[in-house]
Amino acid sequence: MPDLIAYTDGACSGNPGPGGWGVLLRAMDGDIVLKEKELFGGAEDTTNNRMELMAAITALETLDRASTLTVVTDSSYVKDGITKWIHGWKRNGWKKKGGLKNVDLWQRLDAATDRHSVTWEWVKGHAGHPENERADELARAGMAPFKP
């Protein structure tokens, strides 16, 4: 069975402001790309964190059937949120001291993650990682229609 990898990124011009998300989804056999799909979209008035979340959500919701995959993100907010913090938020009724932002998207990501076996991997953004750079380009393409 091929390895499935989703490279995700979000972008925002101003924070809040126009934003976009991008996903590079690959099925791999070792170093060989068997299949590739690029996805992107955006919003007129959003934040970078919401776009980072939307990228991960879209990557997972796009898959037709339960899958084993790695989601690669340059957002420690997304990676730490879904692997560490979410357990306490759920235990506390989706609340945290000082308020929990983006509850709607965290709940959506939680539901999307439940369908799959997901490994989360963080990479440093804007550091020359080719697939992360492509996800960033896709996020900027998703933002483009909303920029003045």
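Me: What does Leu69 touch, leaving aside its neighbours within four places in sequence?
Reply: In this predicted model, Leu69 is in contact with Leu4, Ala6, Leu60, Leu63, His116, Ser117, Val118 and Thr119, once neighbours within four places in sequence are set aside.

Me: Which residues have the most contacts inside the largest nonpolar core?
Reply: Leu69 is one of them, along with Leu53, Leu60, Trp106, Leu109 and Trp120. The core has 31 residues.

Me: Which elements each supply at least two residues of it?
Reply: E1, E2, H1, strand E4 (68-73), H2, H3 and E5 each do. H1 gives the most, with eight residues.

Me: What other core lies apart from that one?
Reply: Another core of seven residues, and Tyr7, Leu24, Val72 and Ala135 are among them.

Me: Back to H1. How many residues does it have, and how far does it reach?
Reply: H1 covers residues 48-62, which is 15 residues. From first C-alpha to last it reaches 21 Å, close to the 21 Å expected at 1.5 Å a residue.

Me: And which residues in H1 are buried?
Reply: Met51, Glu52, Leu53, Met54, Ala55, Ala56, Ile57, Thr58, Ala59 and Leu60 are buried. Of these, Leu53 and Leu60 also belong to the group with the most contacts inside the largest core.

Me: Switching to pockets. How much space lies in the largest one?
Reply: About 480 Å³. It is lined by 17 residues, and the closest to its centre are Leu4, Leu25, Leu63, Arg65 and Ser67. Leu4 and Leu63 are also contacts of Leu69.

Me: How does that lining divide by class?
Reply: Seven nonpolar, three polar and seven charged residues. E1, E2 and strand E3 (32-46) each supply at least two residues of the lining.

Me: What volume does the second largest pocket have?
Reply: About 220 Å³. It has 13 lining residues, with Asn49, Tyr77, Lys101, Asn102 and Trp106 nearest its centre. Trp106 is also one of the residues with the most contacts in the largest core.

Me: Where does the largest share of that second lining come from?
Reply: From H2, which gives three residues. H1 and H2 each supply at least two. By class, the lining of this second pocket has five nonpolar, five polar and three charged residues.

Me: Now backbone oddities. What kind of peptide bond joins Asn15 and Pro16, cis or trans?
Reply: Cis, with omega about 20°. Pro16 is in the loop between strand E1 (3-12) and strand E2 (17-29). For context, most peptide bonds are trans.

Me: What is the sign of phi at Trp94, positive or negative?
Reply: Positive, at about 60°, although Trp94 is not a glycine. Most residues other than glycine have a negative phi. Trp94 lies in the loop between helix H2 (76-91) and helix H3 (103-114).

Me: Why does Trp94 count as buried?
Reply: Because its relative accessibility is 18%, and buried means under 20%.

Me: What about phi at His126?
Reply: His126 also has a positive phi, of about 55°, and is not a glycine. This residue is in the loop between strand E5 (117-122) and helix H4 (130-143).

Me: Is His126 buried or exposed, and why?
Reply: Exposed, because its relative accessible area is 54% and the cut-off for exposed is over 50%.

Me: What does Glu133 contact beyond four places in sequence?
Reply: His126, Ala127 and Gly128. Glu133 itself is in helix H4 and counts as partly exposed, at 22% relative accessibility.

Me: How far is Glu133 from Ile5 in space?
Reply: 15 Å, C-alpha to C-alpha, with their positions 128 residues apart in sequence.

Me: Last one, Val123. Where is it, and is it buried or exposed?
Reply: Val123 is in the loop between E5 and H4. At 9% relative accessibility, Val123 counts as buried.

Me: Which residues does Val123 touch, not counting those up to four places away in sequence?
Reply: Val72, Thr73, Asp74, His129 and Asn132. Val72 is also in the seven-residue core.

Me: And how far apart are the C-alpha atoms of Val123 and Lys79?
Reply: They are separated by 10 Å, and the two residues are 44 apart along the chain.

Notes
Residues numbered from 1 in each chain as written. Predicted model: local features only at pLDDT ≥ 70, side-chain atom pairs only at ≥ 80, totals over all residues. Heavy atoms only, no water. Helix = DSSP H or I, 4+ residues; strand = E, 2+ residues; numbered from the N terminus. Buried < 20%, exposed > 50% of the residue type's maximum accessible area, 1.4 Å probe, protein only. Contact = heavy atoms within 4.5 Å. Expected span 1.5 Å × (residues − 1). Core = buried A, V, L, I, M, F, W, Y, C linked by side-chain atoms within 4.5 Å. 1 Å grid on protein atoms, 1.4 Å probe; cavity = no way out; pocket = protein on both sides within 12 Å on 5 of 7 lines; lining within 4 Å. Points joined across faces, edges and corners; volume = space filled by probe spheres on them. Nonpolar A, V, L, I, M, F, W, Y, C, P; charged D, E, K, R; others polar.
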